[in-house]
Amino acid sequence: GKIDAATNFAANDFRNAVPRFAPEARAANQKVVDLLAAMAAKKGAAPAQIALAWILAQKPWIVPIPGTTKLHRLMENLGGAAVELSADDLAVIERAVSSIAFEGARYPKALQELVGR
């Protein structure tokens, strides 16, 4: 929830090469960020915690691997395991996610070719 279309990344930031982090993709995908932020406000959590709680609720064998270089973000991410999402919460997120056509590939083309090998 801290990044939007106006965010500028440092020249050496990997996200500069990721299509999903292009400014136009961030603007188009803002709907899901806004949804998670609204749910986070209701639950007294951070948007990242809601996203992580949603991933944890999918299947018992799915384990999110959030990336961070900051200790306070690691601690925040760990709090996602304590967030309880009701069946209604999960349904709201699922409806929203299924109604949004996400913009931008998840990885640059060369890295995408390495996925699922």
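**Entry 1: Phe 21**

I began with Phe 21, which counts as partly exposed because its relative accessibility is 30%, a value that is neither under 20% nor over 50%. I note here that I am working with a predicted model.

I then looked up aromatic pairs and found that the structure holds 1. Phe 9 and Phe 21 form this pair in an edge-to-face arrangement, with 5.9 Å from centre to centre and 80° between the planes. The label edge-to-face follows because the angle of 80° is over the cut-off of 60 degrees. Both Phe 9 and Phe 21 belong to the segment before helix 1, and they are 12 residues apart.

For the partner ring I checked the accessibility as well. Phe 9 counts as buried, because its relative accessibility is 15% and the limit for buried is under 20%.

**Entry 2: Arg 15**

I next asked which charged group sits over the ring of Phe 21. I found the charged end of Arg 15 there, 6.0 Å from the ring centre. Arg 15 is partly exposed, with a relative accessible area of 28%. The side chain of Arg 15 also meets that of Asp 13 in a salt bridge, at 2.6 Å from N to O.

**Entry 3: Other salt bridges**

I recorded a total of 4 salt bridges in the structure. One of them joins the side chains of Asp 89 and Lys 43, again with 2.6 Å from N to O. This pair links distant parts of the chain: Asp 89 lies in helix 5 and Lys 43 in helix 2, 46 residues apart. Asp 89 is buried, at a relative accessible area of 15%, whereas Lys 43 is partly exposed, at 36%.

I also looked up the salt bridge between Lys 109 and Glu 113, where the closest N and O atoms are 3.9 Å apart. Lys 109 counts as exposed at 66% relative accessibility, and Glu 113 counts as exposed at 51%.

**Entry 4: The largest pocket**

I turned last to the largest pocket, which has a volume of about 2000 Å³. Its lining comprises 40 residues, and Phe 21 appears again among those nearest the centre, together with Gly 1, Ile 3, Ala 48 and Ala 51. I sorted the lining by type and obtained 23 nonpolar, 9 polar and 8 charged residues.

Which helix gives the most to this lining? I found that helix 3 does, with 6 residues. Helices 1, 2, 3, 4 and 5 each supply at least two residues of the lining; helix 3 itself spans 47–58.

Note on methods:
Residues numbered from 1 in each chain as written. Predicted model: local features only at pLDDT ≥ 70, side-chain atom pairs only at ≥ 80, totals over all residues. Heavy atoms only, no water. 1 Å grid on protein atoms, 1.4 Å probe; cavity = no way out; pocket = protein on both sides within 12 Å on 5 of 7 lines; lining within 4 Å. Points joined across faces, edges and corners; volume = space filled by probe spheres on them. Helix = DSSP H or I, 4+ residues; strand = E, 2+ residues; numbered from the N terminus. Nonpolar A, V, L, I, M, F, W, Y, C, P; charged D, E, K, R; others polar. Phe/Tyr/Trp six-rings, centres within 6.5 Å; stacked < 30°, edge-to-face > 60°. Buried < 20%, exposed > 50% of the residue type's maximum accessible area, 1.4 Å probe, protein only. Lys NZ or Arg CZ within 6 Å of the ring centre and 35° of its normal.
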